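Dear colleague,

I am handing over the structure we spoke about, and below it you will find my notes on what turned up in it. Please read them with the coordinates open beside you.

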Amino acid sequence: MKMKRKSVLLSIVVLFCCTIANAAQDSLKISLLTCSPGPVIYEQYGHTAIRVQGKNLDLVFNYGVFDFNSAFFGLRFAQGKTDYMLGVERYNDFQESYKKRGSYIFSQELLLSQDKLDRLYTMLMENSMPTRREYRYNIFYKNCTTCALDIIFRACGTVPRYPVPEQQVTTREMVHKYNEKYRYSKTGIDFLLGSSADTLLSAENSYFLPLEAMNFASTVTNLFAPAKTIAEPQKPLEEPSNLLTPGQLMILIFLTVLLICSVEWYRGNIWWGIDIAIFGTQGILGLIILFMVLFSEHPTTSPNFLLIILNPLPLCFLPATLLKLKREKLDYFLIIEAVASIGFILIHQILPQEFDIVTVIFAATIALRSLSNILISFFAKKIIERRNNYIKQNHRVFN
């Protein structure tokens, strides 16, 4: 999916005026273009476009145009209320941008009569007009790939027959296939996808990603020619180099919390900063997930069983919890936290949702911190007395 500024798109009408007169008289050649994935999160699934070639034109029709700088873009995207556009650009510009980002471009020529090619070109031109080019985008059901396939089949006047994949997969598994190397992207997306993303995809919905659509088009031999590579990247796509994976980082955090809890047991007091960090992070992540469940139109974000362990409640109770711990009083919210986190660890494998290992380790960290605070609040005085007696006895021995 490709980002362009609106100022570039405004030149499309002028471009149409220059080309439409000649195009109608030319013998057209139209191809489905597929670009391999790039490194940025919105590029990690590849891109689909349609190329139109004639005597005096070589254009790319691109359903993946958006303006990242538009007002509240991130919020609207999270809500599933993002409007994308069908943009047009010269093929040379399109090719250059994808070669620079490290992508291959594959082409599958449409094996259609000239009448149907003219019809498809006319439909693309009409849909590119300022009054018609915007559409409500959905990453899994209506995106640059599905829109391109849809207009091709409508121009042909045929209903596509999507073959059932040999091995049916879920939406989450399909997404994992393309961001497996980008572990932090994978973990972040896993937090936002609910249990709906773990149902098997239907045949029709299995081809929402560019490379999957290209493979599907290769099976429709009466409509698409075999795929061929028409552009190679200027330099190979660099593999992400993270010092630690999200799982390794979470294990390191767990061990750090364990060490801090051990020191607290020796000292008999609590370091409040670690509680603010752990429970504050839990509450903020829970707030984001709850927002996606309640207010997002994306069909795969709700329900989300992560709310068992990641919810906004810690943000409400954390001040009172810290105050009670300071006064060495029992805090019932910590008991709830301990029960919820341990319960989540025990039952997460039987819930109808797949969870990242980071979530399980984070739940263990919450359980560890909650139990440690509960026990220290009960036994703080005894811990201090025992430590002082131990120091006095050792002091006498050495003297």
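**Helix 6 and its surroundings**

The buried residues of helix 6 are Cys-144, Thr-145, Cys-147, Ala-148, Leu-149, Ile-151, Ile-152, Phe-153, Ala-155 and Cys-156. Please keep in mind throughout that this is a predicted model. Since 10 of the 13 residues of helix 6 are buried, this helix is largely enclosed by the rest of the structure. Its buried residues pack against strand 2 (29-35), strand 3 (47-53), strand 4 (58-66), helix 5 (114-127), strand 7 and helix 9 (210-219).

The geometry of helix 6 (144-156) can be described from end to end. At the N-terminal end, Asn-143 acts as a cap, with a side-chain oxygen 2.9 Å from the backbone nitrogen of Thr-145. From its first C-alpha to its last, helix 6 reaches 19 Å, which is close to the 18 Å expected at 1.5 Å a residue. After the helix comes Gly-157, whose phi is positive, near 75°; most residues other than glycine have a negative phi.

Helix 9 is one of the partners of helix 6, and 7 of its 10 residues are buried, so helix 9 is likewise largely enclosed by the rest of the structure. The buried residues in question are Pro-210, Leu-211, Glu-212, Ala-213, Met-214, Phe-216 and Ala-217, and they pack against strand 2, strand 3, strand 6 (105-109), helix 6 and helix 7 (171-179). Strand 2 and strand 3 therefore appear among the packing partners of the buried residues of helix 6 as well as those of helix 9, a helix which is itself largely enclosed.

**The second largest pocket**

Which element gives the most to the lining of the second largest pocket? That is helix 6, with 6 residues, while strand 7 (134-136) and helix 6 each supply at least two. The pocket has a volume of about 460 Å³ and is lined by 23 residues, of which Tyr-141, Lys-142, Thr-146, Cys-147 and Asp-150 lie nearest its centre. Cys-147 is also one of the buried residues of helix 6. By class, the lining of this pocket holds 12 nonpolar, 4 polar and 7 charged residues.

**The loop between helix 11 and helix 12**

Two details in the loop between helix 11 (272-295) and helix 12 (313-326) deserve a look, and one of them concerns Pro-303, which is found there. A cis peptide bond joins Ser-302 and Pro-303, with omega about -5°, whereas most peptide bonds are trans. Thr-300 lies in this loop too, and because its relative accessible area is 1%, under the 20% cut-off, Thr-300 counts as buried. Leaving aside residues up to four places away in sequence, Thr-300 touches Phe-140, Tyr-141, Leu-192, Leu-193, Gly-194, Ser-196 and Ala-197. Of these, Tyr-141 is among the residues that lie nearest the centre of the second largest pocket.

**Cavities and the overall fold**

The structure holds 2 cavities of 30 Å³ or more, and the second largest has a volume of about 30 Å³. Its lining is made up of Arg-172, Asp-190, Phe-191, Leu-306, Gln-353, Glu-354, Phe-355, Asp-356 and Thr-359, which by class come to 3 nonpolar, 2 polar and 4 charged residues.

Taken as a whole, the protein has 14 helices and 8 strands, and 48% of its 399 residues count as buried. Among contacts between residues at least 6 apart in sequence, 80% join residues at least 24 apart.

With kind regards

Terms used: Residues are numbered from 1 along each chain as its sequence is written. This is a predicted model: local features need pLDDT of at least 70, side-chain atom pairs count only at pLDDT 80 or more; totals for chains, interfaces and linings use all residues. Side-chain values use heavy atoms; hydrogens and water are left out. Helices (H or I, at least four residues) and strands (E, at least two) are DSSP runs, numbered from the N terminus. On a 1 Å grid over the protein atoms alone, a cavity is a set of points where a 1.4 Å probe fits but cannot get out, and a pocket is an open set with protein on both sides within 12 Å along at least five of seven lines; lining residues have an atom within 4 Å of a point. Grid points are joined across faces, edges and corners, and a volume is the space filled by probe spheres set on the points. Ala, Val, Leu, Ile, Met, Phe, Trp, Tyr, Cys and Pro count as nonpolar, Asp, Glu, Lys and Arg as charged, and the others, Gly among them, as polar. The expected span of a helix is 1.5 Å times one less than its number of residues. Buried means under 20% relative accessible area, exposed over 50%, partly exposed in between (1.4 Å probe, protein chains only). Contact means heavy atoms within 4.5 Å. A polar contact is a pair of N or O atoms within 3.5 Å; within protein, one must be able to donate a hydrogen and the other to accept it, and residues adjacent in sequence count only if both atoms are side-chain atoms.
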